[in-house]
Protein chains: 2
Amino acid sequence: MRDTGMGAGLGGESLLFLTDEQLRQGIEAMFFAYRGFTADPDRILADLAYGRAHHRAVHFINRAPGTTVNNLLNILGVTKQSLNRVLRTLIADGLVESRVGQHDKRERHLFLTEDGHALEQKLSDAQRARMRTAFREAGPDAVGGFRRVLEAMMDPEMRRAYARLKENGA
Amino acid sequence: MRDTGMGAGLGGESLLFLTDEQLRQGIEAMFFAYRGFTADPDRILADLAYGRAHHRAVHFINRAPGTTVNNLLNILGVTKQSLNRVLRTLIADGLVESRVGQHDKRERHLFLTEDGHALEQKLSDAQRARMRTAFREAGPDAVGGFRRVLEAMMDPEMRRAYARLKENGA
DNA sequence: TTGGAATGTCAACAACACTGACGTAAGCTG
DNA sequence: CAGCTTACGTCAGTGTTGTTGACATTCCAA
């Protein structure tokens, strides 16, 4: 609603001066884009009686095989009760395997089974396809900016988790 | 995991060649960043017995005052029953006013009350503050790229809704 | 004017998050 | 060894948010 009173003209963003309108557009872009981001996996999951929570679990177990329940908890930012419900169904359905730790027998290390890998592939194929299209459409320079802004938007703790996973995969 | 074998040096990504690893990092960046994106308003809402759905409704009613329920439905992408529950509490609590349409009496036009505006301000102040910090940290070039990628990630219908709102506010 | 489409409301249910409390097994420390 | 802590699982209860189904009102067009 508010006009800052100066320099909202040029489509470019001035370095120091961010209008509320520019910020609001960023907010709405996040909202609408996130919907697109989850749309394709959501469609696949709906047919399988799974939800987004299952997707997240499968994604990060694939990304860091052998991760412990506690570690996954920190990455996902949910309660153990909530994660447990999801994990239980995934294990019961034979998509995830839980192995007692060798060094520390209290820990459970999580792995995808063959079926689990198949689902992960299916889900991430869909999501990567959209990401690839978006990256291509926007161009290589935009991709760098995209990632820099997102990284700056994370809570510090999540930024660390993100960085750790990046090294993991690189 | 995979190196493209070429020109990965300069922060830029090669145009044609997007590795699965690059795409996966984009996916994880979206996931972690969205958590940060919603964290501040969520904290405020928790104290008020409201949720994210209330925030979204208030945001878009503020953005397009007098909008109809149906219009809001399309923007939010939920069922009318789901939106109605949220709207009902907001109206009961005196944050939103619903006026019967003059031209078409089936329609309800939605407006924020004074209290509604106050809440909207509080929520969007928090969210804009984070967005502003992220934009400043990432720099003006990054902001353009950020928006271009997000726009390319939206479903076409949402891209249109986003564009319409942009004109609305400009 | 009558039937269908559009708009919005109420009721019931499912998914998934949360808190709180408790139990068990295993590791650690004095 | 005894006692504390950690890691994990589970039961019970609650709240938000999504869904479908049924229904009332209003508009419009045959």
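Trainee: How do the residues of the surface near DNA strand C divide into nonpolar, polar and charged?

Mentor: In this predicted model, the surface near DNA strand C divides into three nonpolar, 11 polar and 10 charged residues.

Trainee: And which of the residues around DNA strand C come nearest?

Mentor: Of the 24 residues around that strand, A:R56, A:T79, B:N70, B:K80 and B:N84 come nearest. On the DNA side, sugar and phosphate account for 63% of the atoms of strand C that come within 4 Å of the protein.

Trainee: Which helices each supply at least two residues of that surface?

Mentor: From chain A they are α2 (52-63) and α4 (80-92), and from chain B they are α3 and α4 (80-92). The helix that gives the most is α4(B), with four residues.

Trainee: What does A:S82 do there, in terms of polar atoms?

Mentor: A polar side-chain atom of A:S82 lies 3.0 Å from a sugar or linking oxygen of DNA strand C. With A:H103, a polar backbone atom is 3.4 Å from a phosphate oxygen of the strand, whereas B:R106 places a polar side-chain atom 3.4 Å from a base nitrogen.

Trainee: Changing topic, how many aromatic pairs does the structure hold?

Mentor: There are 13 over all chains. In one of them, the ring centres of A:Y34 and B:Y34 are 3.7 Å apart with the planes at 10°, and the pair is stacked because planes under 30 degrees apart count as such. This pair crosses between chains, from helix α1 of chain A to helix α1 (residues 20-46) of chain B.

Trainee: Is A:Y34 buried or exposed?

Mentor: A:Y34 counts as buried, at 10% relative accessibility, and B:Y34 likewise counts as buried at 10%.

Trainee: What about A:F60 and B:F32?

Mentor: Their ring centres are 5.9 Å apart and their planes at 45°, so that pair is tilted. It also crosses between chains, running from helix α2 of chain A to helix α1 of chain B. A:F60 counts as buried at 3% relative accessibility, and B:F32 is buried with a relative accessible area of 0%.

Trainee: Which residues do ring pairs link into a cluster?

Mentor: A:F31, A:F32, B:F60 and B:Y162 are linked in that way.

Trainee: Where do α1 of chain A and α3 of chain B come in?

Mentor: The axes of α1 (residues 20-46) of chain A and α3 (residues 69-76) of chain B come within 11 Å and cross at roughly 65°. A:F31, A:F32 and A:R35 make the contact from α1(A), with B:N74, B:I75 and B:L76 from α3(B); these residues divide into four nonpolar, one polar and one charged.

Technical notes
Residues are numbered from 1 along each chain as its sequence is written. Chains are lettered from A and ligands numbered from 1 in the order in which they are written. This is a predicted model: local features need pLDDT of at least 70, side-chain atom pairs count only at pLDDT 80 or more; totals for chains, interfaces and linings use all residues. Side-chain values use heavy atoms; hydrogens and water are left out. Axes are lines fitted to C-alpha atoms, for helices over the stretch in contact, and angles run from 0 to 180 degrees between N-to-C directions. Contact means heavy atoms within 4.5 Å. Ala, Val, Leu, Ile, Met, Phe, Trp, Tyr, Cys and Pro count as nonpolar, Asp, Glu, Lys and Arg as charged, and the others, Gly among them, as polar. A residue is near a molecule or strand if one of its heavy atoms lies within 4 Å of it. A polar contact is a pair of N or O atoms within 3.5 Å; within protein, one must be able to donate a hydrogen and the other to accept it, and residues adjacent in sequence count only if both atoms are side-chain atoms. Rings of Phe, Tyr and Trp (its six-membered ring) pair if their centres lie within 6.5 Å; planes under 30 degrees apart count as stacked, over 60 as edge-to-face and the rest as tilted. Buried means under 20% relative accessible area, exposed over 50%, partly exposed in between (1.4 Å probe, protein chains only).
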